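Trainee: I have a new model open and would like to talk through its charged residues and its overall build. Could you take me through it?

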Amino acid sequence: MKRFAHVIGTGASVPARVLTNSDLEKMVDTEDEWIVSRTGIKRRHIASDNEASSDMATKAALNALESANVKAEQVDLIILGTVTPDRPLPSTACLVQNNIGAVNAAVMDIVAACSGFVYGLALAKAMIESEQADTILVIGAETLSKIVNWKDRNTCVLFGDGAGAAVVRVSGKPGGILGTYMRSNGSLWNLLTVPAGGSRMPIDFNSMQNGARYIQMAGPDVYKNAVMAMGEAASEVLSRTGVSSKEIALMIPHQANIRIIESTANRIKIPPEKVYVNIHEYGNTSAASIPIALDEAMRGGRIKPGDKVLMVAFGGGFTWGSAIVEF
Ligand code: ACO
C-alpha cells in the first residue's frame, strides 16, 4: 500500500493571562499605535510563574488526540518544536510523553525556532512514508515570555506564549501532507539569538546582569530576510506539489508581523480573505504560532474536507519552510 500522511486532529492551549499593548505602555516606552501599526499585535498570552512549555504542550496534545479520536498509547512518535524547553535535559517531548501516557512512542525535540512546526510536519511525512511510524504527534510549544527582556521595547512587545499540536496518521487514501520544504542559513545565526544558557556561555552572574540570557534581535535585518524567506518557501512548495495558488483554500503563515504576512501573500497572489491572521491576539509564539492558528481555523470551520492549506514559516537560525496539507 502506498502510504500517505494525513492530519486528522488538532489542538491548542494558551495561558489564561493576557497582556495588552496598554499594559506594555506602563512597562516600557511604547505605544499601542506603534505596536499595532508596525506589527499588528494587540494582545499576547503570557504564562504564569509556574507554567512551562510542557504544560501547554500537554494540553494541546490531549486536545489534538481527542479531536482525532486517537488514544495516547497509539502514538508512536512525538516531534516537539521549541526554543524554550522546560529544561536543557530531558527533552520537553519526554515530559509530554509522560504527561499524556504515550507509552509506545519515540520522542524528540527539534530546535528550528518559528519553523519548528513545519519542520515537524516534514519529518512526520517522511517517517510515515518510510514506514517508520504510523501515528505522530507534531507539537509546537513556547514560553518566550521567560526569555524576553521585559525592559527591551525592541523585543518585549513582539512575543507571546502558547502551544499547538496536530495528529498525523498513515492512510492509504491519497492526500494529507502533499509536500514540504525546509531550508536554513546558519550564517545569519546572530540576527536572532539568546547568547547565554548553553555551552558557549553558561548562565552565570554576568549573563544575569548584562541581559545575555534574553532574546537579542536585529529587527530590521530579520524583517528583510523574513520577507525573502517566506516568499521563497511559499513559492517552492507550490511548485514542488504542482498546486497553484488559486487552489489554496487557506494560507496559515507564521504570525510574526502583519506586514511580513501581507507581503508573502501578495507575492504568491493569495487574496487577504484566504490568509489566516490571529497575530492581534497572540503575538509571535514562534513554533506554536502555526499550530495554534491551524487549530483555530479547524474549529472555526475555516477548513473543510478537501481544502488545501498552505503553511509557511521563518525563524531564528535562520530557518524557513513550508507545507501544503489537503484535509
Ligand atoms: N515602541 C515604540 N518605538 C519602538 C519600539 C516600541 N516597542 N521598538 C522600537 N521602536 C523604535 C526604534 O527604537 C526606532 O526608533 P529610532 O528611529 O528613534 O531609532 C523606531 O521605532 C523604528 O524602529 P525600526 O526597527 O526601524 O522599526 P521597524 O519598522 O523595522 O519595525 C519591528 C520593528 C516590528 C521589530 C520589525 O523590524 C520586525 O517585525 N522585524 C521582524 C521581527 C521578527 O519577525 N522577529 C521574529 C523572528 S521569528 C523567531 O524565530 C522568534
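Trainee: Which residues form the negative surface patch?

Mentor: Happy to help, and keep in mind that this is a predicted model. Patch residues need over 30% relative accessible area and no salt bridge. Glu 25 has 36% relative accessibility and so counts as partly exposed. The negative surface patch is formed by Glu 25, Glu 31, Asp 32 and Glu 33.

Trainee: In which helix is the place of Glu 25?

Mentor: Look at the stretch covering residues 21-25. Glu 25 sits at the number that closes this range, and the helix is H1.

Trainee: How many salt bridges does the structure hold?

Mentor: Side chains of opposite charge can pair when their charged atoms come close. Here the cut-off is a side-chain nitrogen of Lys or Arg within 4 Å of a carboxyl oxygen of Asp or Glu. One pair that fits is Lys 224 with Asp 221, at 3.4 Å from N to O. For the structure, the number of salt bridges is 8.

Trainee: About how many turns of the helix lie between Lys 224 and Asp 221?

Mentor: Both residues belong to helix H8, which covers residues 219-241. They are 3 residues apart, and that is about one turn.

Trainee: Is Lys 125, the salt-bridge partner of Glu 129, buried or exposed?

Mentor: The two side chains meet at 2.7 Å, N to O. Glu 129 and Lys 125 are separated by about one helical turn because they are 4 residues apart in helix H5 (residues 116-129). Glu 129 counts as partly exposed at 36% relative accessibility. With a relative accessible area of 14%, under the 20% cut-off, Lys 125 is buried.

Trainee: Arg 299 and Asp 295 also meet in a salt bridge. Which of them counts as buried?

Mentor: These residues are 4 apart in helix H11 (residues 289-299), so about one helical turn separates them. Their N to O distance is 2.7 Å. Arg 299 has 53% relative accessibility and counts as exposed. At 6% relative accessibility, the buried residue is Asp 295.

Trainee: Stepping back, what radius of gyration does the protein chain have?

Mentor: The secondary structure comes to 11 helices and 13 strands, and the C-alpha atoms fill a box of roughly 60 × 45 × 35 Å along the principal axes. Of the 327 residues, 54% count as buried. A compact globule with 327 residues would have a radius of gyration near 20 Å. The value for the protein chain agrees with that: 19 Å.

Terms used:
Residues are numbered from 1 along each chain as its sequence is written. This is a predicted model: local features need pLDDT of at least 70, side-chain atom pairs count only at pLDDT 80 or more; totals for chains, interfaces and linings use all residues. Side-chain values use heavy atoms; hydrogens and water are left out. Patches are made of residues with over 30% relative accessible area and no salt bridge: like charges are joined within 9 Å, nonpolar side chains (Val, Leu, Ile, Met, Phe, Trp, Tyr) within 5 Å. Accessible areas come from the Shrake-Rupley method with a 1.4 Å probe; for residues, only the protein chains shown count as cover. Lys and Arg count as positive and Asp and Glu as negative; His and the chain ends are not counted. The place of a charge is taken as NZ of Lys, CZ of Arg, CG of Asp or CD of Glu. Helices (H or I, at least four residues) and strands (E, at least two) are DSSP runs, numbered from the N terminus. Buried means under 20% relative accessible area, exposed over 50%, partly exposed in between (1.4 Å probe, protein chains only). The radius of gyration is taken over C-alpha atoms; the globule rule is 2.2 Å times the number of residues to the power 0.38.
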